[in-house]
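Have the sequence and the 3D view ready, and let's take a walk through this protein together. We'll go piece by piece, so there's no need to know anything about it beforehand.

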Amino acid sequence: MSQQEYYKRADVWPLAPDGEILVVIMAEEALVKLRLDRMLFVPAARPAHKRSRTIASASHRVQMLRLATRGVPCFEVSTLEVERGGVSFTVDTLEHLTQQA
């Protein structure tokens, strides 16, 4: 799906205020340019770099990602970090995913 086609999808506009559309568009571009088979989206339980800010709940961020990525079969939303809880660090997630492989 091209960027123009994506913008024409009326059902994604409610996600625009925090930039979710841009994230998905960039992910789609990476998927194509890097010839990836899939893209894994992993929302943090509590982002380490946003400790002092109020942010949307983890369950709300998971739902936003599911809405933003629906219809793109190569996109997968993982709740790994949300289920683990606490402050999330990419290195921990990568170690876990490596052990699963």
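What follows starts with the overall layout, moves to the core, and then visits a few individual residues.

First, a word on what you're looking at: this is a predicted model. The protein has 101 residues, and 33% of them count as buried. It contains 5 helices and 4 strands. If you read along the sequence, these follow the pattern α-α-β-β-α-β-α-β-α. How do parts that are far apart along the chain meet? Take the contacts between residues at least 6 apart in sequence: 52% of them join residues at least 24 apart.

Now for the inside. Which residues make up the largest nonpolar core? There are 11 of them: Val24, Ala27, Leu31, Met39, Phe41, Val62, Leu65, Ala68, Val72, Phe75 and Val77. Helix H2 (20-33), S1, H3 and S3 each supply at least two residues of this core. That fits a general habit: in soluble globular proteins, nonpolar side chains tend to be buried together.

Two members of that core deserve a stop of their own. A search of the whole structure turns up 1 aromatic pair. The ring centres of Phe41 and Phe75 are 5.0 Å apart and the planes sit at 75 degrees, so this pair is edge-to-face; the cut-off for that label is an angle over 60 degrees. The pair also ties together distant parts of the chain, with Phe41 in strand S1 (residues 39-41) and Phe75 in strand S3 (residues 75-77), 34 residues apart. Phe41 and Phe75 are both buried.

Next, follow helix H3, which runs over residues 58-69. With 12 residues at 1.5 Å a residue, H3 should span 16 Å, and its end C-alpha atoms are indeed 16 Å apart. Which of its residues are buried? They are Ala58, Arg61, Val62, Met64, Leu65, Ala68 and Thr69. These residues cover an arc of only 160 degrees around the axis, which puts them on the same side of H3. The spacing makes sense if you remember how helices turn: an α-helix has 3.6 residues a turn, so residues three or four places apart point the same way. Just after H3, Gly71 takes a positive phi of about 85 degrees.

Let's zoom in on Val62, one of the buried residues of H3. Not counting residues up to four places away in sequence, Val62 touches Pro43, Val77, Thr79 and Val82. One of those partners, Thr79, sits in the loop between S3 and helix H4 (80-84). Is Thr79 buried or exposed? Its relative accessible area is 19%, so Thr79 counts as buried, the cut-off being under 20%. The side chain of Thr79 makes a polar contact of 2.6 Å with that of Glu83. Leaving out residues up to four places away in sequence, Thr79 touches Val62 and Arg66.

Over to another corner, where Ser88 lies in strand S4 (residues 87-88). Ser88 is buried, at a relative accessible area of 8%. Its side chain is joined to that of Glu81 by a polar contact of 3.0 Å. With neighbours within four places in sequence set aside, Ser88 is in contact with Ala44, Ala45, Arg46, Ala48 and Glu81.

Two residues on that list are worth a closer look. Arg46 belongs to strand S2 (residues 46-47) and, at 24% relative accessibility, counts as partly exposed. The C-alpha atoms of Arg46 and Ala58 are separated by 7.4 Å, although these residues are 12 apart along the chain. Ala48 is in the loop between S2 and H3, and it is partly exposed too, with a relative accessible area of 25%. Beyond its neighbours within four places in sequence, Ala48 is in contact with Val87, Ser88 and Phe89. C-alpha to C-alpha, Ala48 and Phe89 are 6.7 Å apart in space, with their places 41 residues apart in sequence.

Our last stop is Arg35, in the loop between H2 and S1. At 76% relative accessibility, Arg35 counts as exposed. What stands out is the backbone: phi of Arg35 is near 55 degrees, a positive value in a residue other than glycine. For comparison, most residues other than glycine have a negative phi.

Terms used
Residues are numbered from 1 along each chain as its sequence is written. This is a predicted model: local features need pLDDT of at least 70, side-chain atom pairs count only at pLDDT 80 or more; totals for chains, interfaces and linings use all residues. Side-chain values use heavy atoms; hydrogens and water are left out. Rings of Phe, Tyr and Trp (its six-membered ring) pair if their centres lie within 6.5 Å; planes under 30 degrees apart count as stacked, over 60 as edge-to-face and the rest as tilted. Buried means under 20% relative accessible area, exposed over 50%, partly exposed in between (1.4 Å probe, protein chains only). The expected span of a helix is 1.5 Å times one less than its number of residues. The arc is that of the directions from the helix axis to the C-beta atoms. A polar contact is a pair of N or O atoms within 3.5 Å; within protein, one must be able to donate a hydrogen and the other to accept it, and residues adjacent in sequence count only if both atoms are side-chain atoms. Contact means heavy atoms within 4.5 Å. A nonpolar core is a set of buried Ala, Val, Leu, Ile, Met, Phe, Trp, Tyr and Cys residues joined through side-chain atoms within 4.5 Å.
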